[in-house]
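These are my notebook entries on one protein model. I set down what I looked up, topic by topic.

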Amino acid sequence: MNPLKRLQEHGQSVYLDEIRRSWLHDGTLQTLIDRDGLRGVTSNPAIFHKAIAKSDDYREAIAALAERGAGVDEAYEELVVEDIQRAADLFRPTYDGSGGRYGFVSLEVSPEVAHDEEATYREGSHLWRRLSRPNVFIKVPATVAGLGAIRRLIADGVNVNVTLLFGLERYERVIDAYLGGLEDRLGRGESVRGVNSVASFFLSRFDVMVDPLLDAIGTDEARALRGRAAVAYAKVAYEVFGRRFADADPRWARLAAEGARVQRLLWASTGTKDPSYPDTKYVEPLIGPETINTMPLETLDAYRDHGEPAARVTEGLDEAKRVIADLKELGIDLEAVADRLEAEGVEKFVTPFRSLLSALDEALRAARVASG
């Protein structure tokens with residue numbers, strides 16, 4: 001049986017960390033759903049930059065937008081909303097057939113407002129209404145400002161994918177924002193049933209930053225820790241998840257009794273950056289119940305070819321904690337690393353977002369000139 005489909009036996013869903021307009025219409029995405037059991041799609045500004053600015057898929061749509069006089073911001077929103085809606089419609093049978101647990105497509109708020117709670121909340125609310133699909137996530141960065149927006153959006157019944165999450169301390173606050181939003185919703189006399197959220201913990205970027213620090217230390221002990229930080233941190237994050245969403249936790253128990261759903265952990269940035277590491281490095285060790293792995297197409301293909309599914313996320317927890325302790329002993333503060341990664345992560349989305357808007361503006365101008 002297809003290893004990707006077998007992940008479902010262990011409680012893990014597979015998402016694709018990529019979207020292209022051509023895939024929505026030529027059957028590619030539907031094939032992934034049917035063949036691989038794909039349960040969702042994630043997108044971000046870098047992905048849409050690649051899709052829109054570096055392909056011909058949108059030429060006709062951009063010409064039509066130019067003809068009606070659309071500005072660059074309006075054109076961007078029109079293009080991405082159409083793609084997300086189309087993808088969500090393809091996943092609608094998955095969503096309906098699972099009682100609303102699977103089959104989600106994510107769209108991110110502008111990275112330009114990542115440090116502005118009010119602007120993030122307004123844009124998240126606007127996109128939720130504009131998409132008008134129950135099986136979409138609004139992606140909100142896990143910045144300090146984002147936490148307040150997450151709570152407010154959840155209270156409004158908006159499905160939220162909390163993105164750019166790197167640290168354990170911030171993860172605890174993300175959970176608090178989710179639970180607080182549900183509590184606020186109940187306080188208004190509204191149901192929490194059907195409100196969904198995921199917390200997207202980024203992996204490979206962690207090792208990309210920590211490994212050079214270990215190389216600089218240069219000892220045998222340091223070299224032995226290369227490539228181990230991300231998975232270790234993820235395993236401890238899963239322990240936090242299990243503790244905070246346990247029936248023994250009174251706060252969660254009250255919400256669960258009202259029909260609330262757990263905020264699942266989503267493993268993001270799972271493409272291997274270092275060619276010396278296995279191509280399924282960020283998949284195999286982190287399989288387990290109530291998890292999602294969003295994979296770039298290359299990782300998806302690799303796992304279909306030679307993945308070996310088994311529930312491993314709870315294995316080696318003591319070892320994972322030792323890795324974290326050993327890194328600290330070497331002077332590597334993983335929470336400080338997480339803060340740096342968050343700042344870099346926002347910038348890595350701002351840059352392609354601005355480039356996309358610039359390219360789209362040029363395309364609109366060219367289309368107006370061509371039409372006379």
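**Entry 1. The barrel**

I worked with a predicted model. I began with the strands and found that eight of them close into a barrel, with parallel pairing. Their order around the barrel is 1-2-3-4-5-6-7-8. As background, I noted that strands of a sheet pair through backbone hydrogen bonds, either parallel or antiparallel.

I then looked up one pair in detail. Strand 4, residues 136–141, is joined to strand 5, residues 160–165, by four bridges in the parallel sense. Which residue in strand 5 is the bridge partner of Lys139? I found that the partner is Asn161.

Next I turned to helix 6, which spans residues 72–97 and packs on the sheet. Helix 6 touches strand 2 (40–41), strand 3 (104–108) and strand 4. I recorded an angle of about 160° between the direction of helix 6 and that of strand 3.

I also looked up helix 9, residues 168–187. Helix 9 lies across strand 5, strand 6 (197–202) and strand 7 (264–268), and runs at about 170° to strand 6.

**Entry 2. A buried acidic residue**

I looked up Glu108, which lies in strand 3. Is Glu108 buried or exposed? Its relative accessibility is 6%, so Glu108 counts as buried, the cut-off being under 20%.

I then listed the contacts of Glu108, leaving out residues up to four places away in sequence. Among them are Ser43, Asn44, Pro45, Leu127 and Phe349. Glu108 also touches Lys139, the residue that I had found paired with Asn161 in strand 5. Pro141 and Thr163 are further contacts of Glu108.

**Entry 3. The nonpolar core**

How many residues does the largest nonpolar core have? I found 126 residues. Those with the most contacts inside this core are Leu29, Tyr171, Phe201 and Phe206. Helix 16, residues 334–370, supplies the largest share of the core, with 13 residues. I added a general remark: in soluble globular proteins, nonpolar side chains tend to be buried together.

I followed Leu29 further, setting aside its neighbours within four places in sequence. Leu29 is in contact with Trp23, Leu24, Leu38 and Val41, as well as with Ala87, Leu90 and Phe91.

**Entry 4. Salt bridges**

I noted that side chains of opposite charge can pair when their charged atoms come close. The count for this model comes to 38 salt bridges.

I looked up Arg92 and Asp96, which form a salt bridge with their closest N and O atoms 3.0 Å apart. Where do these two residues stand in helix 6? They are four residues apart there, so about one helical turn separates Arg92 from Asp96. Arg92 is partly exposed at 31% relative accessibility, and Asp96 is partly exposed at 48%.

I found a salt bridge between Glu118 and Arg122 too, at 3.9 Å from N to O. Glu118 and Arg122 are four residues apart in helix 7 (residues 117–131), which means that they are separated by about one helical turn. Glu118 has a relative accessible area of 34% and is partly exposed.

A further salt bridge joins Glu190 to Arg188, with 3.8 Å between the closest N and O atoms. Both partners are partly exposed: Glu190 has a relative accessible area of 33%, and Arg188 has one of 47%. I then looked up a network in which salt bridges share partners. This network joins Glu172, Asp176, Glu183, Arg243, Arg244 and Arg251.

**Entry 5. Two positive phi values**

I looked up two residues other than glycine with a positive phi. Ser132 has phi near 50°, and I placed Ser132 in the loop between helix 7 and strand 4. Ser269 has a phi of about 55°. Ser269 lies in the loop between strand 7 and strand 8 (291–295), and counts as buried at 10% relative accessibility.

**Entry 6. The whole protein**

I closed with the overall view. The protein has 16 helices and eight strands. Its radius of gyration is 21 Å, close to the 21 Å from the globule rule for 372 residues, so the protein is as compact as a globular protein of that length. The C-alpha atoms fill a box of roughly 65 × 55 × 45 Å along the principal axes. Of the 372 residues, 56% count as buried. Among contacts between residues at least 6 apart in sequence, I noted that 79% join residues at least 24 apart.

Terms used:
Residues are numbered from 1 along each chain as its sequence is written. This is a predicted model: local features need pLDDT of at least 70, side-chain atom pairs count only at pLDDT 80 or more; totals for chains, interfaces and linings use all residues. Side-chain values use heavy atoms; hydrogens and water are left out. Two strands pair if DSSP finds at least two bridges between them. Contact means heavy atoms within 4.5 Å. Axes are lines fitted to C-alpha atoms, for helices over the stretch in contact, and angles run from 0 to 180 degrees between N-to-C directions. A nonpolar core is a set of buried Ala, Val, Leu, Ile, Met, Phe, Trp, Tyr and Cys residues joined through side-chain atoms within 4.5 Å. Buried means under 20% relative accessible area, exposed over 50%, partly exposed in between (1.4 Å probe, protein chains only). A salt bridge is a side-chain nitrogen of Lys or Arg within 4 Å of a carboxyl oxygen of Asp or Glu. The radius of gyration is taken over C-alpha atoms; the globule rule is 2.2 Å times the number of residues to the power 0.38.
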